[in-house]
Amino acid sequence: MQISSYSQSLNMRSNMSQLQTQLADLQRQLSSGLKSDSFAKLGDARNLVLALNNQVTQSNSYLDTINLTQLRIKSSSDALTRLNDIASELKTGSLTSTFNITSGGQTNLQITAGMRLNEVVDLLNLNVGDRQLFGGKNTQTTPVANASLILDGDTAHAGLKTVIQQRNAADIGDGSGRIALTSPVAGSVSIAEDAANSPFGFKLSNVSSSLSGATVTGPTGTPPAIGVAFGATLPGAGDSISLDLALPDGTTTTVKLTATTASPPGAGEFTIGADATTTAVNFQAALGTSLQSEAKTTLAAASAMKAGDDFFGNPPMRVAGPPYATATAQVAGTANDTVSWYQGDDSGAAGNNFIATIGDGSQMAYGARADQTAIRTVVKNAAVLAAVSSTGTGVSDAASYNELMKRTGSELNFDGGAQSVVNIITDLGLKSSTLDSAKTNLQTQISTSKTVLSDTQNADPYAVATQLTTLMTQLQASYQVTASLSKLSLANFL
């Protein structure tokens, strides 16, 4: 019987070495919690682990983008919510304000509008995380000029007040709103725009008449004109004629004259004379007075609103002058002569000018821009209210003020389906909801990937401990056998 051999000894040592290697690996797993200390040792699972790790890293990057985008959207929404509050305040004030001058030719509402304009500018110049939120893609430039510069300009650049004054002069003309009244022949009156294709003053839109014995024509010709010829049969008391006039801001007004036997006639009336010639003279004088009154009130208010549209346009438009009272055209303001209220990016459509990548192949456009229609409307109306002042406290001053209030109140109500600030806030809210959904999906995806990674990479401490105990028992038994064999000799055997 063979007790030992060299071969058996080598096998015993090899087995013990393997057990020691396994023991060391199990101890490493127990201490590190990982099945392997390198991807190469993961075998077929290596590619899966690498792919999942890359996916988790990319998903976390998307989450970072989403969190930053949500911060920007919330900051924008908060600013626009305050902007909408200001719009509501000025709208309510416009619809309820009375003409009561308190300081500098302005009412309390107009003074308040100046303060609110300062606040609006600050809101639109909001910077979050070293990025301007309302300047479009131009994120490093303050998008809106300061309120003082917008209103007053500087020595080289015209501000809104100057543009309003020049436009007012061009629209009012010699006082009749650029309407020329002449008498081509005895007994007739010509009512004509003073220049062809001029953008300024009243525009003859329509005429309706119940004047007995009178022939009324037009408006026809270049420039458009209306003719009124009185005949042998004179108008009766109560007969009337109405001129529909288009205004620079797109609104209309009507000047109505009613025939009367009273002399002098009342406002909006003309005296029936002894014959056609005298009646025509009286009619022309009364119409001139009515046009001048309408020019100082309705036309002046419409002119200020149109000047606001011109100034806050891109580019700003100016009256080609001087002289301004006889101007017949507009020119674009330049960076050398006119304040540019908006100095941010103006390429493409305003709004949704930022792009956020929120997933693989998934991008979302978001953001608001200061030159969006609704935002510009708030800035414009606050600025116009703050820029206009009255030189007197008479009836025509009050009427002009009331006409201006009707217009600012209507615009700030965003009538006619116009984009409102609330529309922009709602859009931002929808974008935020989209981000919430994307965030939830990414978090679920990350959690799932980490679970798979854990199952693939992490060692089960209980299983490892069990294997470790078993292996240590086996190793201890091997040591004992080896020790026993080492004591054997021929003498001991005998």
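1. A good place to start in this predicted model is a pair of helices, α6 and α8, which are oblique to each other because their axes cross at roughly 40°, and angles between 35 and 65 degrees fall outside the parallel and perpendicular classes. Helix α6 covers residues 276–311 and helix α8 residues 395–412, and their axes come within 8 Å. The crossing of α6 past α8 is right-handed.

2. If you would like to see who makes that contact, look on α6 for K296, T297, T298, A300, A301, A302, A304 and M305. On the α8 side, the partners are S396, A399, S400, E403, L404, R407, T408 and E411. By type, the residues of this contact comprise seven nonpolar, five polar and four charged.

3. Next, have a look at helix α5, which runs over residues 160–172. Its 13 residues reach 18 Å from the first C-alpha to the last, close to the 18 Å expected at 1.5 Å a residue. Just after α5 comes G173, with a positive phi of about 65°.

4. Which residues of α5 are buried? They are L160, V163, I164, Q166, R167, A170, D171 and I172. These buried residues pack against α4 (147–152), α6, β9 (317–319), β10 (330–332) and α7 (373–387), so α6 turns up here too.

5. Finally, a single residue worth a visit: S76, in helix α2 (residues 46–96). S76 counts as buried because its relative accessibility is 4%. Leaving aside neighbours within four places in sequence, S76 is in contact with L133, F134 and L428. The C-alpha atoms of S76 and L124 are separated by 8.8 Å, although these residues are 48 residues apart along the chain.

Note on methods: Residues are numbered from 1 along each chain as its sequence is written. This is a predicted model: local features need pLDDT of at least 70, side-chain atom pairs count only at pLDDT 80 or more; totals for chains, interfaces and linings use all residues. Side-chain values use heavy atoms; hydrogens and water are left out. Axes are lines fitted to C-alpha atoms, for helices over the stretch in contact, and angles run from 0 to 180 degrees between N-to-C directions. Helices (H or I, at least four residues) and strands (E, at least two) are DSSP runs, numbered from the N terminus. Angles under 35 degrees count as roughly parallel, over 145 as roughly antiparallel, 65 to 115 as roughly perpendicular and the rest as oblique. A crossing is left-handed if the near helix is turned anticlockwise from the far one by less than a right angle, and right-handed if clockwise. Contact means heavy atoms within 4.5 Å. Ala, Val, Leu, Ile, Met, Phe, Trp, Tyr, Cys and Pro count as nonpolar, Asp, Glu, Lys and Arg as charged, and the others, Gly among them, as polar. The expected span of a helix is 1.5 Å times one less than its number of residues. Buried means under 20% relative accessible area, exposed over 50%, partly exposed in between (1.4 Å probe, protein chains only).
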